[in-house]
Amino acid sequence: MATAMQDIQPIRDPNDPDTLHRLLDHLIETIIAPIQWDGSRPDPVNGARAADCSGQKLADRVSQFLGTSHASGRWSMRDAYDWLEAAIARYLMGNGAFLADDLPLLMKLSRALPTQTRRSEQQVRLQQFSTTLPLACLVAKAAQVSVQDIVLEPSAGTGLIAAIVYSVCQVRPAYTLDRPCPKEFHLNELSSSRRALLEANGKAFTAITGHDAALLRSKCPDLRPSIVVMNPPFSSSHRGEDKNTGLRHIRAAYTMLQDGGRLVSIVPERENIASWAAPLNLEGATVSLELTLPADAYRKHGTSLQVRML
């Protein structure tokens, strides 16, 4: 009986900020850090078989820390996926910064992580499909952030794009400790649960807000970013189903840009880019890059939606 009692863990509340911090660290220590690196350059595939990073392993590690399984109703697998994404973001902004600018390694790491097979009603309603690691890396490369830039991500989700953009800045030779890179980094996220994850990793960011991204210009009238990186909801929001949701988000972000600023966005592949962008009516805008992405770009995050980068 004494041995059984020793195995009982106290039930922890993931809504408590301190518990959330420690949960993210726990996921780094038990899922991300054990991935074996081979040689002078890291290789997440060696020693990181899919079975080692399965959904069941994630559930077990969360249960171990919180002291209760998702069957209790205190948390869901959807929560666990978001917590893992936030833990990856924290890792990339810390000991894993060397990965951020290396697309092949991020592709391997992404394949080693569990496929997100569970959805929630809120996720579908708010189109909360986080950007995968390889896509976030492509966004960061296209953005080309420097120490002079003010960066905005209007729908920052769990922070994967932000983490890679930030980390890429830190590992580039031009980065110096006496000048933050970027100069300012502003995140916005409507979902309170996801915003809590951004705040848990928020020391690197200038401000984290919780506005409707389509109304961000009126909510933050003094914010004038030089670069916007975004993966907006395409056809639904808290207002309900609306095929123009993505258009409104991109328009709002574009109108906040400084003269000569850049906007990098994930957009749906299903429509012709020219016709999809025409209703934006953005005076002076020039499309300098249109990149068709692989058909399975979002498979690891639980959807077969095909996308492009604009």
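This passage describes the overall make-up of a protein chain, its internal cavities and its cysteines, as seen in a predicted model.

The protein chain is built from 12 helices and nine strands. Of its 310 residues, 50% are buried. The contacts in the chain also tell something about how its parts meet: among those with a separation of 6 or more, 73% join residues that lie 24 or more positions apart. On the outside, the accessible surface of the protein chain amounts to about 14,600 Å². Carbon and sulfur atoms contribute 49% of that surface.

Attention now turns to the inside. Rolling a probe the size of a water molecule over the atoms shows where empty space is left. Two cavities of 30 Å³ or more are found in the structure. The second largest cavity has a volume of about 30 Å³. What lines the second largest cavity? Its lining includes Ala 89, Met 93, Thr 158, Gly 159 and Ala 162, and further along the chain Leu 187, Leu 197, Leu 198, Asn 201 and Phe 205 also take part. Sorted by class, this lining consists of seven nonpolar and three polar residues, with no charged residues.

Finally, the cysteines deserve a look. A disulfide is a covalent bond between the sulfur atoms of two cysteines. How many disulfides does a search of the whole structure find? The search finds zero. As for where individual cysteines sit, Cys 137 counts as buried because its relative accessibility is 0%, under the 20% cut-off. Cys 181 has a relative accessibility of 6%, so Cys 181 counts as buried too.

Technical notes:
Residues numbered from 1 in each chain as written. Predicted model: local features only at pLDDT ≥ 70, side-chain atom pairs only at ≥ 80, totals over all residues. Heavy atoms only, no water. Helix = DSSP H or I, 4+ residues; strand = E, 2+ residues; numbered from the N terminus. Buried < 20%, exposed > 50% of the residue type's maximum accessible area, 1.4 Å probe, protein only. Contact = heavy atoms within 4.5 Å. Areas by Shrake-Rupley, 256 points an atom, 1.4 Å probe, with all protein chains shown as cover. 1 Å grid on protein atoms, 1.4 Å probe; cavity = no way out; pocket = protein on both sides within 12 Å on 5 of 7 lines; lining within 4 Å. Points joined across faces, edges and corners; volume = space filled by probe spheres on them. Nonpolar A, V, L, I, M, F, W, Y, C, P; charged D, E, K, R; others polar. Disulfide = S-S within 2.5 Å.
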